[in-house]
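Hi,

Here is the structure I promised to pass on. Have a look at it first, and then read on for what turned up.

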Amino acid sequence: MLTIFIQHTSASLVIQENADPDVVLDMADFFERLVPENDPRYRHTLEGPDDMPSHIRAALTGTHLSIPVIGGRMALGTWQGIYVFEHRARPQRRSVVLHLTA
């Protein structure tokens, strides 16, 4: 079993289709509509208008994945890929921890 964990509160990990890049773009667009920036009800705004929405988006998607490993390979489906889903407006440096249990 491979556990993947991202050490951040404003980015997440997702397994999604990896054949059509529009899937990931559509997901990002959906989350921007679902959790918009500049909502006047947000209290946490010290780090910019994208900070609180990024925390909410990360809470909705998750910070870790568990993936079976069979024959030395991740047992992902044919069209599945693993993505770091960045929720901040600008690129960030991110740390991901991998733990393989044999």
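Which side chain does a polar contact of 2.8 Å join to that of Ser12? The partner is His87. Before going further, please keep in mind that this is a predicted model.

Ser12 makes a good starting point. You will find Ser12 in strand E2, which covers residues 11-17. Its relative accessibility is 0%, so Ser12 counts as buried, the cut-off being under 20%. Besides His87, the side chain of Ser12 also has a polar contact with the side chain of Thr61, this one at 2.6 Å.

Next, the salt bridges. A search through the whole structure turns up five of them. As general background, side chains of opposite charge can pair when their charged atoms come close.

Try Arg88 for a start. Its side chain meets that of Asp50 in a salt bridge, 3.0 Å from N to O. That pair ties together distant parts of the chain: Asp50 is in the loop between H1 and H2, while Arg88 is in the loop between strand E6 (80-86) and strand E7 (96-100), and the two are 38 residues apart. Both ends are buried: Asp50 has a relative accessible area of 5%, and Arg88 comes in at 13%.

Arg88 also forms a salt bridge with Asp51, here at 3.1 Å from N to O. Again the pair links distant parts of the chain, with Asp51 in helix H2 and Arg88 in the loop between E6 and E7, 37 residues apart. Asp51 counts as buried because its relative accessibility is 1%. Put together, Glu47, Asp50, Asp51 and Arg88 make up one network, joined by salt bridges that share partners.

Another salt bridge joins Asp39 and Arg41, whose closest N and O atoms are 2.7 Å apart. Is each partner buried or exposed? Asp39 counts as buried at 14% relative accessibility, whereas Arg41 is exposed at 67%.

While you are in that loop, look at Val35, which lies between H1 and helix H2 (51-61). With a relative accessible area of 5%, Val35 is buried. Val35 and Asp50 are 15 residues apart in sequence, and their C-alpha atoms are 9.9 Å apart in space.

Now for the surface, where there are two patches to look at.

One is a patch of negative charge, in which Glu17, Asp20, Asp22, Asp26, Asp29, Glu32 and Glu37 gather. Which element gives the most to this patch? That would be H1, with four residues. Asp22 has its place in helix H1, and a relative accessible area of 42% makes this residue partly exposed.

The other patch is nonpolar: Phe30, Leu34 and Leu60 form it, with about 290 Å² of accessible area together. Leu34 sits in helix H1, which spans residues 22-34. Leu34 counts as partly exposed because its relative accessibility is 46%, between the 20% and 50% cut-offs.

If you want a route through the model, I would go from Ser12 and its contacts with Thr61 and His87 to the network around Arg88, and then out to the negative patch and the nonpolar one.

Cheers

Conventions: Residues are numbered from 1 along each chain as its sequence is written. This is a predicted model: local features need pLDDT of at least 70, side-chain atom pairs count only at pLDDT 80 or more; totals for chains, interfaces and linings use all residues. Side-chain values use heavy atoms; hydrogens and water are left out. Patches are made of residues with over 30% relative accessible area and no salt bridge: like charges are joined within 9 Å, nonpolar side chains (Val, Leu, Ile, Met, Phe, Trp, Tyr) within 5 Å. Accessible areas come from the Shrake-Rupley method with a 1.4 Å probe; for residues, only the protein chains shown count as cover. A salt bridge is a side-chain nitrogen of Lys or Arg within 4 Å of a carboxyl oxygen of Asp or Glu. Buried means under 20% relative accessible area, exposed over 50%, partly exposed in between (1.4 Å probe, protein chains only). Lys and Arg count as positive and Asp and Glu as negative; His and the chain ends are not counted. The place of a charge is taken as NZ of Lys, CZ of Arg, CG of Asp or CD of Glu. A polar contact is a pair of N or O atoms within 3.5 Å; within protein, one must be able to donate a hydrogen and the other to accept it, and residues adjacent in sequence count only if both atoms are side-chain atoms.
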